[in-house]
Amino acid sequence: MDTTKHQGGIHQIIINSKKTNKAKTKNRLDNMDLIIKTITRVMFPFIILFGAYTALHGHLTPGGGFPAGATIATAFTLLVLTFRESEVEGRFPEIKLIDIKSIASIALLAIILFEFALRDIIIQYQIPMTVWSGGDTLFANIFGSIIVATGIIIIIYSLIKEEWKQ
Amino acid sequence: MKLVPIFGLIIFTTLMLYAVSDLPITHNPDVKQYYLQNALEKTGSANAVNAIVWDFRAYDTLGEETVLFAAVIAVFLIAHKKSEFKLKTLKKHISKTQSK
Amino acid sequence: MIIVYSLIAAVILTALGTYALLAKDNLIKKIIGLGIFTDGIHLLLISIGYKEEGIAPIIRDINYQQLGAMVDPLPQALVLTSIVIELSITALALVIIIQIHKKYKTINSKHLRRLKE
């Protein structure tokens, strides 16, 4: 009796696993593999860190505002492709991203419009060839990277949302 | 077959080759020297490309950011239907930010 | 000598992009053709600033003297601006194509005859 029950248990487990496999193949986008999920979780902060480094050192090393924003947006693209889009959007909602983008745009507008006056004032207090240098370009890099990153994230949200509806 | 595209392709290629063969490759040394010599003194940025993008030709970059902003807003508005635009959540969000 | 190859490659890329824009009916393939065309233009612009054995236009010390060995930074800055414009155009076109597919159930430009009738 015990052995049959045991066998039945194993058999049922196998059937159940087959069922779950079928369910997995049905909507594969919803349930990604465990390896992909873990690697994404590990790599996400490092990609953000590299993007921040590219933005902050844009006036000393190759890089700048646009590559930094594209790098940060790549991390979010990885997140959206791996997990469900609704989960990701719950933590980083689209409306707040638009708010951040608008504030950064206004800051960049102010920086660029008053650059001719601000530049000469800021440079006096800075040390050349260090991170605290570059005059206006340091702040412009930071705000430009925020604008590009939020823009690409909003574009990717919109495209992926359309894809999953059908 | 598709004769018109092939005809257009041949015309375009000959014109492009003619234009490229006469291209002056002696890049203007005055502009280059000005940018390279004044990048560190005037802007404080050691990266000359960064100095050009955000300082010497910053108005170009401002216009380009405007294009990016307009494209992103257009994508957001086209991708969301009217019913899915969630006017209620938008109004809630606006009232929250105003009350703060 | 290497600049001749680079210019020829730019001509080939722009020609391929033009052919894709003219001949293909699929709208997605037209967008890909536009991307190839833009890449050719970027290659053309970058090769104008080419210099033999040139180094990147980044100053390493305060008393750096080798300014003559650097490549021209101006085309690089212009191409950097152009890439972002290309990104916005591509994103807008793709969203419009998605809406076209939702409404007409096709992305073949020859089957979109609603405007003609």
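User: What makes chain C and chain B partners in contact, and how many residues take part?

Analyst: Contact means heavy atoms within 4.5 Å. In this predicted model, 40 residues of chain C are in contact with 35 residues of chain B. The model is subject to limits: local features need pLDDT of at least 70, side-chain atom pairs count only at pLDDT 80 or more, while totals for chains, interfaces and linings use all residues, and side-chain values use heavy atoms, with hydrogens and water left out. Residues are numbered from 1 along each chain as its sequence is written, and chains are lettered from A in the order in which they are written.

User: How much area do chain C and chain B bury between them, and what does that figure stand for?

Analyst: Buried area is the accessible area (1.4 Å probe) that two parts lose on being put together, summed over both. For chain C and chain B this comes to about 3500 Å², with 79% of it on carbon and sulfur atoms. On the side of chain C, V11(C), I59(C) and L74(C) lose the most area to chain B, together 15% of what that side buries.

User: Which elements of chain C give two or more residues to the side that touches chain B?

Analyst: They are α1 (2-23), α2 (27-48) and α3 (73-104) of chain C. The names rest on DSSP runs numbered from the N terminus, where helices are H or I of at least four residues and strands are E of at least two. α3(C) gives the most, with 16 residues.

User: How are the residues on that side of chain C divided by type?

Analyst: There are 29 nonpolar, seven polar and four charged residues. Ala, Val, Leu, Ile, Met, Phe, Trp, Tyr, Cys and Pro count as nonpolar, Asp, Glu, Lys and Arg as charged, and the others, Gly among them, as polar.

User: Why is the pair R119(A) and D55(B) called a salt bridge?

Analyst: The term requires a side-chain nitrogen of Lys or Arg within 4 Å of a carboxyl oxygen of Asp or Glu. The side chains of R119(A) and D55(B) meet at 2.2 Å, N to O, so the pair satisfies the rule. R119(A) lies in helix α6 (residues 115-124) of chain A and D55(B) in helix α3 (residues 48-56) of chain B, and the pair therefore crosses between chains. A search of the whole structure finds one salt bridge over all chains, and the rule finds zero across the interface of chain C and chain B.

User: Why are R119(A) and D55(B) called buried, and A9(C) partly exposed?

Analyst: Buried means under 20% relative accessible area, exposed over 50%, and partly exposed in between (1.4 Å probe, protein chains only). R119(A) has 18% and D55(B) has 6%, so both are buried. A9(C), in helix α1 of chain C, has 29% and is therefore partly exposed.

User: How do you know where confidence in chain A is lowest and highest?

Analyst: pLDDT is the predictor's confidence in each residue, from 0 to 100. Helix α1 (residues 2-26) of chain A has the lowest mean, 49, and helix α2 (residues 34-56) of chain A the highest, 93. The mean for chain A is 81, and 78% of its residues reach 70 or more. Over residues 1-11 of chain A pLDDT stays under 50, and the model has zero contacts for them beyond four places in sequence.

User: What is the secondary structure of chain A?

Analyst: Chain A has seven helices and zero strands.
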